[in-house]
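Hi,

Here's the structure I promised to send over. Have a look at it first, and then read on for what turned up.

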Amino acid sequence: MKYFKTVLTFIVFLLFGLSNAQKVGVVDTEYILDKLPQYKEAEARLNSQIDTWQSELQSLQSEFEKKRSALENERVLLVGDQLKLREKEVMDLDKNVKTTTSLRFGANGEITKLRTSLIVPFQDQIWTAIQTMSEKNGLGIVLDKANNVNVIFLQKRFDYTDKVLDVLLKGSTGADKKEKTSTKGKK
(Lines give C-alpha, C1' and ligand atoms only; values in the text may rest on other atoms or scores of the structure.)
Protein backbone atom coordinates (compact mmCIF):
# COMPACT_ATOMS: atom_id res chain seq x y z
CA MET A 1 0.00 0.00 0.00
CA LYS A 2 2.85 2.37 0.86
CA TYR A 3 4.53 1.58 -2.45
CA PHE A 4 1.29 2.35 -4.31
CA LYS A 5 0.97 5.78 -2.59
CA THR A 6 4.57 6.61 -3.44
CA VAL A 7 4.13 5.66 -7.09
CA LEU A 8 0.82 7.53 -7.29
CA THR A 9 2.39 10.64 -5.73
CA PHE A 10 5.30 10.44 -8.17
CA ILE A 11 2.93 10.13 -11.15
CA VAL A 12 0.81 13.09 -9.95
CA PHE A 13 3.94 15.27 -9.57
CA LEU A 14 5.19 14.17 -12.98
CA LEU A 15 1.88 15.00 -14.66
CA PHE A 16 1.64 18.32 -12.81
CA GLY A 17 5.20 19.22 -13.86
CA LEU A 18 4.58 18.33 -17.51
CA SER A 19 1.33 20.25 -17.67
CA ASN A 20 2.98 23.39 -16.28
CA ALA A 21 6.18 23.18 -18.31
CA GLN A 22 7.21 26.48 -19.82
CA LYS A 23 8.70 26.97 -23.24
CA VAL A 24 12.01 28.81 -22.92
CA GLY A 25 13.65 31.12 -25.45
CA VAL A 26 16.90 33.06 -25.52
CA VAL A 27 17.68 36.47 -27.03
CA ASP A 28 20.84 38.55 -27.25
CA THR A 29 19.91 42.16 -26.53
CA GLU A 30 23.49 43.32 -27.09
CA TYR A 31 23.38 41.96 -30.65
CA ILE A 32 19.97 43.59 -31.16
CA LEU A 33 21.21 46.98 -29.94
CA ASP A 34 24.24 46.73 -32.25
CA LYS A 35 21.86 46.33 -35.20
CA LEU A 36 19.84 49.46 -34.40
CA PRO A 37 21.40 52.52 -36.11
CA GLN A 38 19.49 54.93 -33.86
CA TYR A 39 21.04 53.25 -30.81
CA LYS A 40 24.52 53.66 -32.26
CA GLU A 41 23.84 57.36 -32.82
CA ALA A 42 22.60 57.79 -29.24
CA GLU A 43 25.59 55.88 -27.91
CA ALA A 44 27.96 58.07 -29.97
CA ARG A 45 26.31 61.22 -28.55
CA LEU A 46 26.64 59.84 -25.04
CA ASN A 47 30.31 58.93 -25.54
CA SER A 48 31.01 62.35 -27.05
CA GLN A 49 29.46 64.07 -24.04
CA ILE A 50 31.41 61.82 -21.65
CA ASP A 51 34.66 62.69 -23.47
CA THR A 52 33.86 66.42 -23.21
CA TRP A 53 33.14 66.18 -19.49
CA GLN A 54 36.26 64.09 -18.88
CA SER A 55 38.46 66.67 -20.62
CA GLU A 56 36.84 69.47 -18.56
CA LEU A 57 37.50 67.49 -15.39
CA GLN A 58 41.10 66.81 -16.41
CA SER A 59 41.57 70.51 -17.05
CA LEU A 60 40.20 71.37 -13.59
CA GLN A 61 42.37 68.67 -12.03
CA SER A 62 45.44 69.99 -13.83
CA GLU A 63 44.73 73.55 -12.68
CA PHE A 64 44.31 72.30 -9.10
CA GLU A 65 47.60 70.39 -9.22
CA LYS A 66 49.46 73.45 -10.57
CA LYS A 67 48.04 75.75 -7.90
CA ARG A 68 48.70 73.22 -5.14
CA SER A 69 52.26 72.69 -6.32
CA ALA A 70 52.85 76.44 -6.57
CA LEU A 71 51.47 76.91 -3.05
CA GLU A 72 53.77 74.21 -1.66
CA ASN A 73 56.79 75.78 -3.37
CA GLU A 74 55.97 79.32 -2.22
CA ARG A 75 54.58 78.50 1.24
CA VAL A 76 57.75 79.72 3.04
CA LEU A 77 57.58 83.05 1.21
CA LEU A 78 53.90 83.72 1.92
CA VAL A 79 52.76 85.18 5.22
CA GLY A 80 49.48 85.95 6.92
CA ASP A 81 46.62 86.87 4.62
CA GLN A 82 48.51 85.94 1.44
CA LEU A 83 49.01 82.36 2.71
CA LYS A 84 45.37 82.06 3.81
CA LEU A 85 44.15 83.46 0.49
CA ARG A 86 46.25 81.00 -1.56
CA GLU A 87 45.23 78.07 0.67
CA LYS A 88 41.57 79.01 0.28
CA GLU A 89 42.02 79.25 -3.49
CA VAL A 90 43.54 75.74 -3.62
CA MET A 91 40.84 74.34 -1.31
CA ASP A 92 38.12 75.93 -3.46
CA LEU A 93 39.62 74.35 -6.58
CA ASP A 94 39.77 70.97 -4.83
CA LYS A 95 36.10 71.33 -3.83
CA ASN A 96 35.24 72.31 -7.39
CA VAL A 97 36.98 69.19 -8.77
CA LYS A 98 35.16 66.93 -6.28
CA THR A 99 31.80 68.61 -6.90
CA THR A 100 32.18 68.41 -10.67
CA THR A 101 33.19 64.75 -10.43
CA SER A 102 30.17 63.97 -8.28
CA LEU A 103 27.72 65.98 -10.40
CA ARG A 104 28.88 64.54 -13.70
CA PHE A 105 30.15 61.05 -12.90
CA GLY A 106 28.43 60.18 -9.61
CA ALA A 107 25.74 57.56 -9.12
CA ASN A 108 23.00 60.12 -9.76
CA GLY A 109 25.15 62.32 -11.96
CA GLU A 110 24.53 63.85 -15.34
CA ILE A 111 25.99 60.85 -17.19
CA THR A 112 23.52 58.50 -15.53
CA LYS A 113 20.65 60.83 -16.39
CA LEU A 114 21.84 61.28 -19.97
CA ARG A 115 22.33 57.52 -20.39
CA THR A 116 18.82 56.96 -19.07
CA SER A 117 17.28 59.51 -21.43
CA LEU A 118 19.18 58.17 -24.48
CA ILE A 119 19.33 54.41 -23.89
CA VAL A 120 16.18 53.49 -21.93
CA PRO A 121 13.81 54.18 -24.87
CA PHE A 122 15.67 51.52 -26.89
CA GLN A 123 15.50 49.08 -24.00
CA ASP A 124 11.76 49.73 -23.78
CA GLN A 125 11.38 49.07 -27.53
CA ILE A 126 13.31 45.81 -27.18
CA TRP A 127 11.19 44.81 -24.18
CA THR A 128 8.00 45.42 -26.15
CA ALA A 129 9.37 43.47 -29.15
CA ILE A 130 10.41 40.57 -26.88
CA GLN A 131 6.97 40.56 -25.30
CA THR A 132 5.29 40.52 -28.73
CA MET A 133 7.57 37.77 -30.02
CA SER A 134 7.21 35.64 -26.88
CA GLU A 135 3.42 35.85 -26.98
CA LYS A 136 3.45 34.98 -30.69
CA ASN A 137 5.73 31.96 -30.09
CA GLY A 138 4.15 30.83 -26.81
CA LEU A 139 7.26 31.38 -24.70
CA GLY A 140 6.89 31.36 -20.94
CA ILE A 141 10.46 32.37 -20.16
CA VAL A 142 12.90 34.46 -22.19
CA LEU A 143 16.54 34.71 -21.13
CA ASP A 144 18.97 37.39 -22.26
CA LYS A 145 22.36 35.87 -22.95
CA ALA A 146 23.96 39.33 -23.01
CA ASN A 147 23.24 39.99 -19.32
CA ASN A 148 25.52 37.48 -17.59
CA VAL A 149 23.24 34.50 -18.15
CA ASN A 150 25.54 31.57 -18.65
CA VAL A 151 24.13 29.80 -21.66
CA ILE A 152 26.42 26.83 -22.10
CA PHE A 153 24.68 25.40 -25.15
CA LEU A 154 21.87 26.79 -27.25
CA GLN A 155 20.18 25.21 -30.20
CA LYS A 156 19.40 27.74 -32.92
CA ARG A 157 15.67 27.00 -32.71
CA PHE A 158 15.58 28.43 -29.16
CA ASP A 159 17.45 31.63 -30.13
CA TYR A 160 14.79 34.23 -30.84
CA THR A 161 17.14 37.18 -31.35
CA ASP A 162 16.41 37.50 -35.08
CA LYS A 163 12.66 37.29 -34.47
CA VAL A 164 12.89 40.17 -32.00
CA LEU A 165 14.92 42.12 -34.57
CA ASP A 166 12.22 41.40 -37.16
CA VAL A 167 9.59 42.85 -34.81
CA LEU A 168 11.75 45.95 -34.25
CA LEU A 169 12.70 46.42 -37.90
CA LYS A 170 9.38 45.45 -39.52
CA GLY A 171 9.92 47.62 -42.57
CA SER A 172 13.33 46.15 -43.51
CA THR A 173 13.98 44.68 -46.93
CA GLY A 174 14.71 41.05 -47.69
CA ALA A 175 18.38 41.89 -48.32
CA ASP A 176 18.67 43.33 -44.81
CA LYS A 177 17.19 40.16 -43.34
CA LYS A 178 19.68 38.00 -45.27
CA GLU A 179 22.53 40.21 -44.06
CA LYS A 180 21.35 39.89 -40.44
CA THR A 181 21.19 36.13 -40.73
CA SER A 182 24.64 35.81 -42.33
CA THR A 183 26.18 38.26 -39.84
CA LYS A 184 24.59 36.46 -36.88
CA GLY A 185 26.00 33.15 -38.11
CA LYS A 186 29.53 34.63 -38.21
CA LYS A 187 29.29 36.01 -34.68
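Of the contacts in the protein chain with a separation of 6 or more, what percentage comes from residues 24 or more positions apart? The answer is 75%. Before you go further, please keep in mind that this is a predicted model.

**The overall picture**

The protein chain has 187 residues, and 25% of them count as buried. There are seven helices and two strands. Starting at the N terminus, you'll meet them in the order α-β-α-α-α-α-β-α-α. The accessible surface of the chain adds up to about 13,400 Å². Carbon and sulfur atoms account for 57% of that surface.

**Two helices side by side**

Scroll to helix α3, residues 37-74, and helix α5, residues 110-137. They pack with their axes 9 Å apart, at an angle of about 175°. Angles over 145 degrees count as roughly antiparallel, so α3 is roughly antiparallel to α5.

Which residues make the contact? On the α3 side they are Q38, Y39, A42, R45, L46, Q49, I50 and W53. From α5 come E110, I111, L114, R115, L118, I119 and F122. Sorted by class, this contact has 10 nonpolar residues, two polar ones and three charged ones.

**Salt bridges**

How many salt bridges does the structure hold? It has nine. As a reminder, side chains of opposite charge can pair when their charged atoms come close. Here are three of the pairs to click on.

Take E65 and R68 to begin with: their side chains meet in a salt bridge, at 2.6 Å from N to O. Both residues lie in helix α3, three residues apart, which is about one turn of the helix. E65 is partly exposed, at 32% relative accessible area, and R68 is partly exposed too, at 34%.

Then there's E89 with K67, where the closest N and O atoms are 2.5 Å apart. E89 sits in helix α4 (residues 80-105) and K67 in helix α3, so this pair ties together parts that are 22 residues apart in sequence. E89 has a relative accessible area of 30% and is partly exposed. K67 also counts as partly exposed, with 30% relative accessibility.

The third pair is D94 and K98, with 3.4 Å between the closest N and O atoms. Both are in helix α4, four residues apart, again about one turn of the helix. D94 counts as partly exposed at 24% relative accessibility, whereas K98, at 55%, counts as exposed.

There is a network to find as well: E56, R104 and E110 are joined into one by salt bridges that share partners. You've already met E110 above, among the α5 residues that touch α3.

**A few buried residues**

Is L78 buried or exposed? Its relative accessible area is 13%, and buried means under 20%, so L78 counts as buried. You'll find L78 in the loop between α3 and α4. Setting aside neighbours within four places in sequence, L78 is in contact with L71, L83 and R86.

T161 is another one to pick out. T161 belongs to helix α6, residues 161-168, and is buried, with a relative accessible area of 1%. How far is T161 from T29 in space, C-alpha to C-alpha? The two are 7.5 Å apart, though 132 residues separate them in sequence.

Last on my list is Y31, in helix α2 (residues 29-34). Y31 is buried as well, with a relative accessible area of 4%. Between Y31 and K145 there are 9.9 Å in space, C-alpha to C-alpha, and the two are 114 residues apart in sequence.

**If you only have a minute**

Look at the roughly antiparallel pair α3 and α5, then at the E89 and K67 salt bridge, and finish on T161 and T29, 7.5 Å apart by C-alpha.

Cheers

Note on methods. Residues numbered from 1 in each chain as written. Predicted model: local features only at pLDDT ≥ 70, side-chain atom pairs only at ≥ 80, totals over all residues. Heavy atoms only, no water. Axes fitted to C-alpha atoms, helices over the stretch in contact; angles between N-to-C directions. Parallel < 35°, antiparallel > 145°, perpendicular 65-115°, else oblique. Contact = heavy atoms within 4.5 Å. Nonpolar A, V, L, I, M, F, W, Y, C, P; charged D, E, K, R; others polar. Buried < 20%, exposed > 50% of the residue type's maximum accessible area, 1.4 Å probe, protein only. Areas by Shrake-Rupley, 256 points an atom, 1.4 Å probe, with all protein chains shown as cover. Salt bridge = Lys/Arg side-chain N within 4 Å of Asp/Glu carboxyl O.
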